[in-house]
Amino acid sequence: MREGLPDEGNHDTEKGVMFMEKYDVIVVGAGPAGSMAAREAAKAGASVLILERRKEIGAPVRCGEGIGSHWMNEFGMKVSDKAISAHINGSLIVAPNLKDTIRVRTAETKGVVVDRKVFDKDLALEAGRAGAKIMVKSEVVEVKKDGGKVTGVVVEADGRKEEFYSKVLIAADGGESTVARMAGINSTASLYDSDFGVEYEMVNVDCEDLIEIYFSREYAPRGYVWVFPKGKDVANVGVGIGGAEKGSHAIEYLDRFLKLERFKKAQPVAIKAGVIPVGAPMKGLVLDGFMVAGTAAHQVDPIHGGGICLAMDAGMMAGRVAAKCAIAGKTDAKSLSEYESAWREKREKKLLKRLMLRKVLEKLNDDDLNAIIGSVGDEDIEKLLNSNFVPVVKKVLLKRPQLLKVLEVLVK
Ligand SMILES: Cc1cc2nc3c(=O)[nH]c(=O)nc-3n(C[C@H](O)[C@H](O)[C@H](O)COP(=O)(O)OP(=O)(O)OC[C@H]3O[C@@H](n4cnc5c(N)ncnc54)[C@H](O)[C@@H]3O)c2cc1C
């Protein structure tokens, strides 16, 4: 028996719960964060269990499925050919007047649109190959604590409840996370800092090898419309709108956008929706015996709501630290905070700069956006992507000096 863990096979007849197995690391959720955390923890020698509530990992898809290639280069990973729906060589930003555009083809805008049913399963396969045990159709319904320390979970599977013990529990349960809350961390994103996303996968949409982003108050208040190609005539067409927006639901904005001539023949083959936390990344990612990673920890790009690769990255960091601490028998919050410090050091500054840019974008009306997109050149986008705002702001102010008050925050 592992030290500090109860005997196997006890049975609490009153609650109808079986006390079953013990692991160094238990991961809740087999999304990108969870599978990468499990893979890294198993590779580091820990015994690992992944608990996933869905019957099939990756399905149903609730995502635009766009991924920047630079991430995969950074991770030293390759997306498998069967997970790639389309190769992307740039992006097209469209102004509210639908006439002014910026076309960008840089290393930053190269990427792929994946099939997440395949992509997520590939990541889980890797975790399994590294030695993690995977249970699907197994929902975590309770977090167990002993004197303030997280010690495991209760899982509901096929109407039965089972209890699993962990030295470290990692919550990687996505944007609608409940596990961190059950553990004692307030992980709720405010309505204002949540985007509501809805998209159709559609046929009869003519596509180039570009992702298309439409900024427009009319079609996407405090957000944007996207067209992510999945083939020559197939695309994910979606809208993300800021929470707390009065008026229509996201789907009504999307249906309004789809009345444009270009989509006259478009037909949906799937509808996907979800909530994305787009505020600041959460603080306090660890407790005794507990970590939270990925979109559950609000580790999402505030501008476009992309979180697949940020989740993978944070998952890897959490998994490595969890395994090290579990094997060393030091799983208090202080020891586990090595993950949080390393993550903040690596990612937080850039995400907060992008949050600042989001706040500016939110203040712009359609006339401002037309003026900006009409005056910013393709070459300026790389500067913006690298948070080098000064030269771009100067250029915009020459054309629209009344934006000084709104834009000055970017150059302070
Ligand atoms: C409409 C929409 C479009 C998007 N488009 C993009 C995009 O184009 N590019 C991009 O990078 N990002 C996009 N995102 C964001 C992206 O989907 C997430 O950031 C990413 O999936 C986060 O990965 P994760 O592993 O943290 O969480 P998830 O992928 O959400 O995985 C969490 C997993 O945990 C499981 N789970 C939850 N609760 C429990 C429980 N109690 N017990 C057991 N299992 C549980 C879930 O079933 C799920 O499999 C989009 C999001 C939405 C909603």
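This presentation covers the domains, the ligand shell and one sheet of the structure above.

The model is predicted: local features require pLDDT of at least 70 and side-chain atom pairs count only at pLDDT 80 or more, while totals for chains, interfaces and linings use all residues. Residues are numbered from 1 along each chain as its sequence is written.

I begin with the domains, whose bounds come from an automatic or database domain assignment. The protein chain is divided into domain 1 (11-59 + 118-189 + 279-354), domain 2 (84-112 + 191-274) and domain 3 (356-411). Between domain 1 and domain 3, the C-alpha centres are 38 Å apart. In domain 1, 6 residues are in contact with 4 residues of domain 3, contact meaning C-beta atoms, placed from the backbone, within 7 Å.

Where does the ligand lie with respect to domain 1 and domain 2? Both domains contribute residues to the shell around the ligand, so it lies between them. A residue is near the ligand if its C-beta atom, placed from the backbone, lies within 6 Å of it. There are 40 residues around the ligand, of which Gly29, Gly31, Gly174, Gly294 and Gly307 come nearest. Elements giving two or more residues to this shell include α1 (32-43), β13 (194-203) and α6 (308-328); helices (H or I, at least four residues) and strands (E, at least two) are DSSP runs, numbered from the N terminus.

I turn to the sheet. Its 7 strands are ordered β7-β6-β14-β15-β16-β13-β17, open and with mixed pairing, where a pair requires at least two DSSP bridges. β7 (101-104) and β17 stand at the edges with a single partner strand each, so one side of each has no neighbour in the sheet. Strands β6 (residues 91-94) and β14 (residues 211-214) run parallel, joined by 4 bridges.

Methods:
Two residues are in contact if their C-beta atoms, placed from the backbone, lie within 7 Å.
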